[in-house]
Amino acid sequence: MSPPTENLTRKQLKADHPTWCPACGDFAVLASFFNVVQKLGIPHEKIVCVAGIGCSSRFPYFVNAHGIHFIHGRAVPLATGISLSRPDLQVFVFGGDGDGYSIGGNHLTHAARKNVNLCYVIMDNCVYGLTKNQTSPTTPVGRATKTDPRGAIDRPVNPMAQLISSGATFIARTHAAQVKHMNEMFERAILHPGFAVVETLSECTMFYPGAFDAANPRKGGNFDLVDEEHQNLESTAAAMALAEEDFPGKFGVYLEKRRPTKNELERQWIEDARSRTPDLSERDLLRQRFARMR
Ligand SMILES: Cc1ncc(C[n+]2csc(CCOP(=O)(O)OP(=O)(O)O)c2C)c(N)n1
Ligand code: SF4
Ligand SMILES: [Mg+2]
């Protein structure tokens, strides 16, 4: 991360007024993002927010920073390119369960295994909100939606298990109604060198109200935390055991480990190649490479 500069004010960070429905969980996620960016003193000009399509993917419009509202499910490969070519930038991806686990699921897997240095906040509301209530990859079996009026029949994905098996090096789970916890998870994800994902339960008050009440003490549920003192945060087996708990499960960091990032490995490779070809320009190198491919 770049060295901190003078902390930004909320006014400097805010852009358009969010167009989400009243009480949508995504408001709290945005507020938490502002809190953490301000606290960490991330330089304004270094913040990049990339998103696909969905209500949650409208996020970059509401942040006064570099932002891209891209193709559905394709935010991660675009963010990967930005992260690899501009290591000085702080790259964020924001999006929903549909964008991240359905159409973009393939990219999620590969960015995780490559350990690309970026921070991905997934606002999981267990529904396609923008398109008005279709079954998503995390919709529980039995829930009636527009695409499954008699109740969803397909087994949902387990986002935490998927992330663990894909190789992400920082994986946490939080709830948009637990602001302090969400702040802490976002801060740790941002500071983590590598692919950091925060699966954030964020209620769609319009189409799936009450979805996460069982994890909200104010609604009679339980917000149980990962016992970090006894949890081996480097163990995929221990993380997988947490991932397999029934809903509402545990909240906190499931996995946090250091593995060389693709950014570091690629930089080494480039520096090595350049040390052996000091007299050639990048253009010469490309020409040579293409000539060999003929
Ligand atoms: C290629 C393509 N397929 C489908 C769509 C329609 N579409 C737009 S958003 C969306 C799903 C949004 O769900 P999610 O990512 O969970 O975001 P939410 O609105 O719930 O925050 C779909 C299917 C699209 N825009 N592009
Ligand atoms: S439809 Fe749901 S997810 Fe979309 S803005 Fe409204 S409450 Fe939020
Ligand atoms: Mg969704």
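Guide: In what follows, Ala, Val, Leu, Ile, Met, Phe, Trp, Tyr, Cys and Pro count as nonpolar, Asp, Glu, Lys and Arg as charged, and the others, Gly among them, as polar. The model discussed here is predicted.

Visitor: With those classes in mind, how many residues of the shell around ligand 1 are polar?
Guide: Ligand 1 has 18 residues around it, of which G54, S56, G96, G98 and G129 come nearest. Glycine is placed among the polar residues, and the whole shell divides into six nonpolar and two charged residues, while the number of polar ones is ten.

Visitor: Which element gives the largest share of the shell around ligand 1?
Guide: Two elements, β3 (90-96) and α4 (97-103), each supply at least two residues of this shell. The largest share amounts to three residues, and the element that provides them is α4.

Visitor: Which residue in the shell around ligand 2 is charged?
Guide: Ligand 2 is surrounded by W20, C21, C24, D26, C55, N125, G129, L130, C204, T205, M206 and F207. By class this shell holds eight nonpolar, three polar and one charged residues. Asp, Glu, Lys and Arg are the residues that count as charged, and in the list around ligand 2 the residue that fits is D26.

Visitor: Is helix α6 roughly parallel or roughly antiparallel to helix α8?
Guide: Helix α6 (residues 159-166) and helix α8 (residues 236-243) pack with their axes 8 Å apart and at an angle of about 165°. Angles over 145 degrees count as roughly antiparallel, and therefore the relation of α6 to α8 is roughly antiparallel.

Visitor: How many residues are nonpolar in the contact of α6 with α8?
Guide: Where α6 passes α8 in a left-handed crossing, the contact is made by M160, A161 and I164 of α6 together with T236, A239, M240 and A243 of α8. One residue of this contact is polar and none is charged, while the number of nonpolar residues is six.

Visitor: What relation does α2 have to α7?
Guide: Helix α2 (residues 26-40) and helix α7 (residues 179-191) have axes 9 Å apart, and the two helices pack at an angle of about 55°. An angle of 65 to 115 degrees would count as roughly perpendicular and one under 35 degrees as roughly parallel, so the relation of α2 to α7 is oblique.

Visitor: How many charged residues does the contact of α2 with α7 have?
Guide: The crossing of these helices is right-handed, and its contact is made by A28, S32, F33, N35, V36, K39 and L40 of α2 with V179, M182, N183, F186, E187 and I190 of α7. Eight of these residues are nonpolar and three are polar, and the number of charged ones is two.

Visitor: How far apart do the C-alpha centres of domain 1 and domain 2 lie?
Guide: The domain assignment gives domain 1 (10-259) and domain 2 (260-294). Ten residues of domain 1 are in contact with five residues of domain 2, and the distance between the C-alpha centres of domain 1 and domain 2 is 35 Å.

Visitor: Which residue follows F247 across a cis peptide bond?
Guide: Most peptide bonds are trans. The bond in question has an omega of about 10°, and the residue it joins to F247, found in the loop between α8 and β8 (250-256), is P248.

Visitor: What is the phi of A23 near?
Guide: A23 is found in the loop between α1 (10-13) and α2. Most residues other than glycine have a negative phi. The phi of A23, by contrast, is positive and lies near 70°.

Methods:
Residues are numbered from 1 along each chain as its sequence is written. Chains are lettered from A and ligands numbered from 1 in the order in which they are written. This is a predicted model: local features need pLDDT of at least 70, side-chain atom pairs count only at pLDDT 80 or more; totals for chains, interfaces and linings use all residues. Axes are lines fitted to C-alpha atoms, for helices over the stretch in contact, and angles run from 0 to 180 degrees between N-to-C directions. Helices (H or I, at least four residues) and strands (E, at least two) are DSSP runs, numbered from the N terminus. A crossing is left-handed if the near helix is turned anticlockwise from the far one by less than a right angle, and right-handed if clockwise. Two residues are in contact if their C-beta atoms, placed from the backbone, lie within 7 Å. A residue is near a molecule or strand if its C-beta atom, placed from the backbone, lies within 6 Å of it. Domain bounds come from an automatic or database domain assignment.
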